[in-house]
Amino acid sequence: MPKSVWFLIIGMLVNTTGNSFLWPLNAIYMHDYLGKSLAMAGFVLMLNSAAGVLGNLLGGYLFDRIGGYKSIMLGILLTIVSLIGLTIWHGWPHYVWFLTILGFSGGIVFPGMFALAGAAWPEGGRKAFNSIYLAQNLGVAVGPALAGIVADYRFDYVFMVNLGMYTLFFFIALLTFKGLDARSIAPKNVVSESKRIINKAPFYALLILSSSSVLCWLAYSQWSATISSYTQDLGLGLKQYSLLWTINGLLIVLAQPLIAPLVKRWEDKLKTQLVFGVILIAISFGIIAFASDFKMFAAAMVVLTFGEIFYTPALPTIANLLAPKGRQGFYQGIINSAATGGRMIGPLFGGIMVDQFGMIVLVSILVVIVLMAIIPCLLYDRPLKRNHIIID
């Protein structure tokens with residue numbers, strides 16, 4: 001693995017560790033500390049994710065136009081400003097304002113990270129994106145475990161730690177990311193290039209695949225929204241809930257040797273990886289329907305995690321394969337926006353469903369929604385086949 005990719009891995013680890021101090025606890029904070037309904041908490045999280053969609057698209061555009069270093073630094077600086085505000089003012093409605101800005105600024109960063117990984121190690125294929133994904137989830141393992149302890153002591157400190165970690169991320173990016181831009185800047189920007197696209201099949205394939213990501217993340221987002229509050233209602237403490245995310249992050253890292261033979265066997269079968277991952281995600285929500293204690297939720301999280309391991313890294317890999325030269329950032333922005341779009345719809349949808357019908361009805365519907373995500377996974381390459389383009 002190139003040295004430059006290691007810089008990206010370290011940066012993503014610090015970034016995600018800081019973020020994961022806050023995002024798993026957002027719904028709990030608004031519902032239990034600020035006294036808002038789950039539907040209102042879902043609406044605020046929707047605003048956060050809607051801003052993230054715009055941030056992802058802008059981040060991808062900026063990557064192609066000015067390079068990954070400048071676009072990532074812009075996102076980091078905006079995030080630090082909003083975290084300073086959130087650290088000082090985290091009541092209502094200030095929480096809404098700063099959380100929305102965080103969604104936008106964080107969205108700018110992520111397409112650049114994944115696109116830089118592809119540019120820094122083009123021969124790495126899935127390995128380049130999987131390494132960033134692993135760093136992301138190692139941060140998910142560390143962050144929530146510490147956040148649960150900090151939040152139990154004093155919730156205000158969660159915001160301070162998030163700010164401290166993002167400040168560290170700023171210096172890592174400042175000192176190491178600038179040299180990674182040589183192969184990443186396109187000769188022209190996305191808008192000017194888009195007017196001359198002759199073969200639109202790869203872009204149509206990306207849009208079809210993105211619909212699968214929207215459906216899966218609509219369901220996945222319930223873990224940090226409705227499910228988080230549901231665990232508290234069943235008597236699980238913040239430490240136990242945070243431990244579920246630690247299981248998620250650690251398992252993603254530690255399970256790599258276990259799944260390596262299967263991943264190697266399916267290395268050129270990205271569609272198979274997608275479908276297998278989706279099926280496991282659907283099964284995990286079926287388990288939640290019967291969960292009443294920590295062990296059952298942990299079992300659901302384990303199954304969900306294995307599904308995530310197969311499904312999630314395949315998405316940026318396919319996006320990178322589909323992207324014409326000089327448009328990698330734009331395509332990564334699209335696929336990241338799809339995930340963020342699912343996170344935008346999910347909390348509001350889940351909050352309304354739980355308030356009206358209860359948790360069991362919601363998770364039953366989620367199983368169906370996730371299984372529907374198999375359809376675009378199977379069909380996304382239809383436009384490619386009509387144009388005799390093969391990536392899988």
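Ser337 is buried, because its relative accessibility is 8% and the limit for buried is under 20%. The model described here is a predicted one. Ser337 is part of helix H16, which covers residues 328-357. Setting aside residues up to four places away in sequence, Ser337 touches Val53, Asn56 and Leu57.

**The chain as a whole**

The secondary structure consists of 19 helices and 0 strands. For 392 residues, a compact globule would have a radius of gyration near 21 Å, and the value of 20 Å for the chain agrees with this. Along the principal axes, the C-alpha atoms fill a box of roughly 55 × 40 × 40 Å.

Of the 392 residues in the chain, 57% are buried. The accessible surface comes to about 15,700 Å², and carbon and sulfur atoms account for 69% of that surface. Among contacts between residues at least 6 apart in sequence, 85% join residues at least 24 apart.

Separation in sequence can also be set beside separation in space for a single pair. Val142 and Gly179 are 37 residues apart in sequence, and their C-alpha atoms are 29 Å apart. Val142 belongs to helix H6 (residues 126-153). With 34% relative accessibility, Val142 counts as partly exposed.

**Nonpolar cores**

In soluble globular proteins, nonpolar side chains tend to be buried together. The largest nonpolar core in this model has 113 residues, and the members that touch the most other members are Ile76, Trp223, Leu274, Phe285 and Phe297. Helix H5 (residues 94-120) gives the most to this core, with 13 residues. A second core, separate from the largest one, has 10 residues, including Leu134, Ile252, Ala255 and Ile259.

Phe297 can be followed further through its contacts. Not counting residues up to four places away in sequence, Phe297 touches Trp223, Ile227, Tyr230, Thr231, Leu234, Leu236, Leu244, Ile288, Ala291 and Ser292. One of these, Thr231, lies in helix H10 (residues 226-233). Thr231 is buried, with a relative accessible area of 0%. Beyond its neighbours within four places in sequence, Thr231 is in contact with Leu236, Tyr241 and Phe297. Leu236 therefore appears in the contact lists of both Phe297 and Thr231, contact being heavy atoms within 4.5 Å.

Helix H15 (residues 314-322) is another covered part of the chain, with 7 of its 9 residues buried. The buried residues in H15 are Ala314, Leu315, Pro316, Thr317, Ile318, Ala319 and Leu322.

**Aromatic pairs**

A pair of aromatic rings is described by the distance of the centres and the angle of the planes. The structure holds 15 aromatic pairs. Two of them are set out below.

| Pair | Arrangement | Centre to centre | Angle between planes |
|---|---|---|---|
| Phe170 and Phe171 | edge-to-face | 5.2 Å | 80° |
| Tyr220 and Trp245 | tilted | 6.2 Å | 45° |

The pair of Phe170 and Phe171 is edge-to-face because its planes are 80° apart, and an angle over 60 degrees counts as such. The two partners fall into separate classes of exposure: Phe170 is buried, with a relative accessible area of 17%, whereas Phe171 is partly exposed, with 43%.

The pair of Tyr220 and Trp245 is tilted, and both of its residues are buried. Tyr220 lies in helix H9 (residues 201-220) and Trp245 in helix H11 (residues 238-254), so the pair ties together parts that are 25 residues apart in sequence. Tyr220 and Trp245 also belong to a cluster, linked by ring pairs, that includes Trp217 and Trp223. Trp223 is one of the residues that touch the most other members of the largest nonpolar core. At Trp217, Arg343 lies over the face of the ring, at 4.8 Å from the ring centre.

**A cis peptide bond**

Most residues other than glycine have a negative phi, and most peptide bonds are trans. The bond that joins Trp92 and Pro93 is cis, with omega at about 5°. Pro93 is found in the loop between helix H4 (68-88) and H5. H5, at residues 94-120, is the helix that gives the most to the largest nonpolar core.

How values were computed: Residues are numbered from 1 along each chain as its sequence is written. This is a predicted model: local features need pLDDT of at least 70, side-chain atom pairs count only at pLDDT 80 or more; totals for chains, interfaces and linings use all residues. Side-chain values use heavy atoms; hydrogens and water are left out. Rings of Phe, Tyr and Trp (its six-membered ring) pair if their centres lie within 6.5 Å; planes under 30 degrees apart count as stacked, over 60 as edge-to-face and the rest as tilted. Buried means under 20% relative accessible area, exposed over 50%, partly exposed in between (1.4 Å probe, protein chains only). Helices (H or I, at least four residues) and strands (E, at least two) are DSSP runs, numbered from the N terminus. A charge sits over a ring if NZ of Lys or CZ of Arg is within 6 Å of the ring centre and within 35 degrees of the ring normal. A nonpolar core is a set of buried Ala, Val, Leu, Ile, Met, Phe, Trp, Tyr and Cys residues joined through side-chain atoms within 4.5 Å. The radius of gyration is taken over C-alpha atoms; the globule rule is 2.2 Å times the number of residues to the power 0.38. Accessible areas come from the Shrake-Rupley method with a 1.4 Å probe; for residues, only the protein chains shown count as cover.
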